[in-house]
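Visitor: I have a structure open and would like to learn how to read it. Could you walk me through it, feature by feature?

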Amino acid sequence: QVQLVQSGGGSVQPGRSLRVSCEASGLNIGDIYCLAWFRQYPGLERERVAGIISGGGPSYYVDSVKGRSAISLDIVKNTMTLQMDSLKPEDTATYYCAAEPCTLLSDIQALGQSWYQYWGQGTQVTVSS
């Protein structure tokens, strides 16, 4: 049984940093998986934020977070982390991690939420002064 358990997040002032983590069980992120972060604003669908193909594949970041966010993988802890710096009020949302088996040739940037089978429970990030 696959589970993705999220931790981190919280409330910070604009310009500060936050980290959201996603610990997987029932799958090995050292294998080849499409791993992604989505965020959801109230009343709207989840939107892609960033993603990576584990096992040596590429990563991507949407323009709104590019240059101030980074995904990292800890194979030993089987955990994916999204580090977000220089946070803005518009980053306020519920963040979700997602995972799905894929290949190194998968076009992860094109994969929407409907493609992912496994999801974390969601973590609130609030950026406010």
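Visitor: Let me start with one residue. Is serine 69 buried or exposed?

Guide: Bear in mind that this is a predicted model. The cut-off for calling a residue buried is under 20% relative accessible area. Serine 69 has 11% relative accessibility, so it counts as buried.

Visitor: Where does serine 69 sit, and which residues does it touch?

Guide: You'll find serine 69 in strand β7. Leaving out residues up to four places away in sequence, serine 69 touches Tyr61, Leu82, Gln83 and Met84.

Visitor: Which strand is β7 joined to, and by how many bridges?

Guide: To β8, residues 79–84, by 6 bridges, and the two run antiparallel. For a spot to look at, find alanine 70, which stands opposite glutamine 83 in β8.

Visitor: How do I read the sheet that these strands belong to? What is the strand order?

Guide: Read across the sheet, strand by strand. This one is an open sheet of 4 strands, in the order β1-β3-β8-β7, and the pairing is antiparallel. At the edges you have β1 (3–8) and β7 (69–74); each has a single partner strand, so one side of each has no neighbour in the sheet. On average, neighbouring strands here are turned by 20° against each other, direction ignored.

Visitor: Now the loop before β7. What about valine 62?

Guide: Valine 62 is in the loop between β6 (59–61) and β7. Its relative accessibility is 22%, so valine 62 counts as partly exposed. Setting aside neighbours within four places in sequence, valine 62 is in contact with Arg48 and Val49. Valine 49 is 13 residues away from valine 62 in sequence, yet their C-alpha atoms are 5.5 Å apart.

Visitor: On to cross-links. How many disulfides are there, and which cysteines do they join?

Guide: There are 2 disulfides. One joins cysteine 22 to cysteine 97, with 2.1 Å from S to S. Cysteine 22 is in strand β3 (residues 18–25) and cysteine 97 in strand β9 (residues 93–101), so this pair ties together parts 75 residues apart in sequence. Cysteine 34 and cysteine 102 form a disulfide too, with their sulfur atoms 2.3 Å apart. That pair links strand β4 (residues 33–40), where cysteine 34 lies, with the loop between β9 and β10 (118–119), home of cysteine 102, 68 residues apart.

Visitor: What do I look at next in a disulfide?

Guide: Try the angle about the S-S bond, then burial. The link of cysteine 22 and cysteine 97 has 65° and is right-handed; the link of cysteine 34 and cysteine 102 has 100° and is right-handed. Cysteine 22 and cysteine 97 are buried, and so are cysteine 34 and cysteine 102. Counting bonded cysteines along the chain, the pattern is 1-3, 2-4.

Visitor: Last topic: charges. How many salt bridges does the structure hold?

Guide: It holds 4. Among them is the one between lysine 66 and aspartate 63, at 3.2 Å from N to O, where both residues are exposed. Another joins arginine 68 and aspartate 91 at 2.8 Å. Here the partners are 23 residues apart: arginine 68 in the loop between β6 and β7, aspartate 91 in the loop between β8 and β9. Arginine 68 is buried at 10%, and aspartate 91 is buried at 1%.

Visitor: Which residues are joined into one network by salt bridges?

Guide: Arg39, Glu47, Arg68 and Asp91, through salt bridges that share partners. Within it, glutamate 47 and arginine 39 meet at 3.1 Å, N to O. Glutamate 47 is partly exposed at 31%, whereas arginine 39 is buried at 3%.

Terms used: Residues are numbered from 1 along each chain as its sequence is written. This is a predicted model: local features need pLDDT of at least 70, side-chain atom pairs count only at pLDDT 80 or more; totals for chains, interfaces and linings use all residues. Side-chain values use heavy atoms; hydrogens and water are left out. Two strands pair if DSSP finds at least two bridges between them. Axes are lines fitted to C-alpha atoms, for helices over the stretch in contact, and angles run from 0 to 180 degrees between N-to-C directions. A disulfide is a pair of cysteine sulfur atoms within 2.5 Å. Buried means under 20% relative accessible area, exposed over 50%, partly exposed in between (1.4 Å probe, protein chains only). Contact means heavy atoms within 4.5 Å. A salt bridge is a side-chain nitrogen of Lys or Arg within 4 Å of a carboxyl oxygen of Asp or Glu.
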